[in-house]
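Trainee: I would like to go through this structure and ask what stands behind each term. Please set each value against its definition.

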Amino acid sequence: MIIVKGLQKIYKQKRNGRLVAEIKAVDGIDFEVARGEFFGLLGPNGAGKTTTIGILTTRVLPTGGIALIDGIDVMRDPVAVKRRIGVVPQANNLDRSLTGRENLLFHAEYFGIDKRTRERRAAELLDLFQLSERADEKVSVYSGGMAQRLKIARALMHDPAILFLDEPTTGLDPQSRHALWQMLFELNARGQTIFLTTHYMEEADRLCQRVAIMDHGKLIALDTPSNLKRSVPGGYLIELRVRAAEELLSSLSTALRKLPNVVDVHSMDGLIRLYANRSEGLLADAVRLANERGVLITDAHVAEPSLETLFLHLTGRSLRE
Ligand SMILES: Nc1ncnc2c1ncn2[C@@H]1O[C@H](COP(=O)(O)OP(=O)(O)OP(=O)(O)O)[C@@H](O)[C@H]1O
Ligand SMILES: [Mg+2]
């Protein structure tokens with residue numbers, strides 16, 4: 001459904017007509033998405049997710065590489081690509097002066113869908129996204145969650161082969177987010193191919209069959225969520241915030257490294273990260289070793305294997321920072 005090879009986007013920043021900087025927003029990425037797949041692009045702010053989706057949906061021109069949607073080159077035939085894709089952008093671009101139903105009908109009319117078909121399809125999608133009761137109210141009175149559901153319904157009105165969603169649950173409360181996850185899950189179960197970007201690792205983990213992790217314009221990992229989580233050496237992470245002199249900390253790190261099941265220990269700026277194959281009893285051992293050396297622990301956190309841990313392992317930074 002999607003083939004991407006060596007895709008690149010360099011933004012040139014000019015001041016007074018002179019080039020001052022080049023930003024490699026997308027820096028030579030490759031991936032494929034199969035028909036029927038639910039595929040996720042996970043990465044922190046500025047990773048290049050929106051630029052990538054922009055290229056795949058013909059809104060941004062790449063500066064290198066190729067991207068095919070359903071076998072069609074996005075650069076050569078953007079019009080044909082547009083007919084096959086549904087796009088839910090990051091920003092709210094609904095017409096607030098129209099009702100929910102009218103937003104759907106006008107979109108379908110623009111795509112040349114006949115009146116009977118578009119009315120039937122609008123009713124089906126309003127039902128699927130639990131908007132039927134409020135369908136004839138103006139969008140200006142919709143909640144954030146309702147507006148987001150309507151944006152997705154609208155993107156599906158012309159029956160696209162693939163649905164693109166850019167950070168669909170950002171800004172939603174946890175309840176609306178979970179409701180939306182359920183709807184997207186059902187949509188995919190009915191056969192809809194979905195490409196989603198997110199910076200929520202839980203969203204990628206729960207929804208996507210495969211996840212590509214993006215950072216600074218590059219793909220740093222791509223696999224099923226369970227394989228990705230398994231790939232972290234010592235997937236359990238214990239973080240200790242500590243206060244003590246440098247030599248005490250390095251003595252503590254050395255002692256922590258010798259504990260059973262500990263795979264790796266990093267110590268930086270008063271934060272010790274312990275990667276281990278299991279976590280039982282480990283925190284107690286770590287606290288004991290710290291006490292013996294007079295190292296004060298001000299905060300401790302234990303995490304199960306997660307995509308967050310993988311990102312931390314690959315980049316040394318947190319996805320959430
Ligand atoms: N039109 C533009 N002109 C110049 N630089 C841009 C432009 N659009 C994006 N960038 C830069 O390209 C990089 C990638 O941005 P992009 O919006 O693709 O990231 P993102 O992963 O979607 O981030 P976010 O999570 O904040 O939405 C950033 O450094 C951004 O500042
Ligand atoms: Mg973005």
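Mentor: We start with burial: buried residues make up 49% of the 321 residues in the chain. Buried means under 20% relative accessible area, exposed over 50%, and partly exposed in between, with a 1.4 Å probe and protein chains only. This is a predicted model, in which local features need pLDDT of at least 70 and side-chain atom pairs count only at pLDDT 80 or more, while totals for chains, interfaces and linings use all residues. Residues are numbered from 1 along each chain as its sequence is written, chains are lettered from A and ligands numbered from 1 in the order in which they are written, and side-chain values use heavy atoms, with hydrogens and water left out.

Trainee: Why is Thr50 called partly exposed?

Mentor: Thr50 has a relative accessible area of 38%. That value falls between the cut-offs of 20% and 50%, so Thr50 counts as partly exposed.

Trainee: Why does Gln90 count as partly exposed?

Mentor: Its relative accessibility is 45%, which lies between the two cut-offs, and therefore Gln90 gets that label.

Trainee: What makes Thr50 and Gln90 donors of the magnesium ion (ligand 2)?

Mentor: Donors are N, O and S atoms within 2.8 Å of the metal (3.2 Å for Na, K and Ca). Thr50 (OG1) and Gln90 (OE1) lie 1.9 to 2.7 Å from the ion, so they qualify. Water is not among the atoms, so such a site may look incomplete. The pair joins distant parts of the chain: Thr50 is in helix 1, and Gln90 is in the loop between strand 6 (85–88) and helix 3 (100–110), 40 residues apart. Helices (H or I, at least four residues) and strands (E, at least two) are DSSP runs, numbered from the N terminus.

Trainee: Which polar side-chain atom lies 2.7 Å from an oxygen atom of ligand 1, and what makes this a polar contact?

Mentor: The atom belongs to Thr50. A polar contact is a pair of N or O atoms within 3.5 Å, so the Thr50 pair at 2.7 Å meets the cut-off. Gln90 has a polar side-chain atom 3.2 Å from an oxygen atom of ligand 1, and for Glu167 the distance is 3.1 Å.

Trainee: How many residues surround ligand 1, and of which classes?

Mentor: There are 13, the closest being Gly46, Gly48, Lys49, Thr50 and Thr51. A residue is near a molecule if one of its heavy atoms lies within 4 Å of it. The shell has five nonpolar, six polar and two charged residues; Gly counts as polar and Lys as charged.

Notes:
A polar contact is a pair of N or O atoms within 3.5 Å; within protein, one must be able to donate a hydrogen and the other to accept it, and residues adjacent in sequence count only if both atoms are side-chain atoms.
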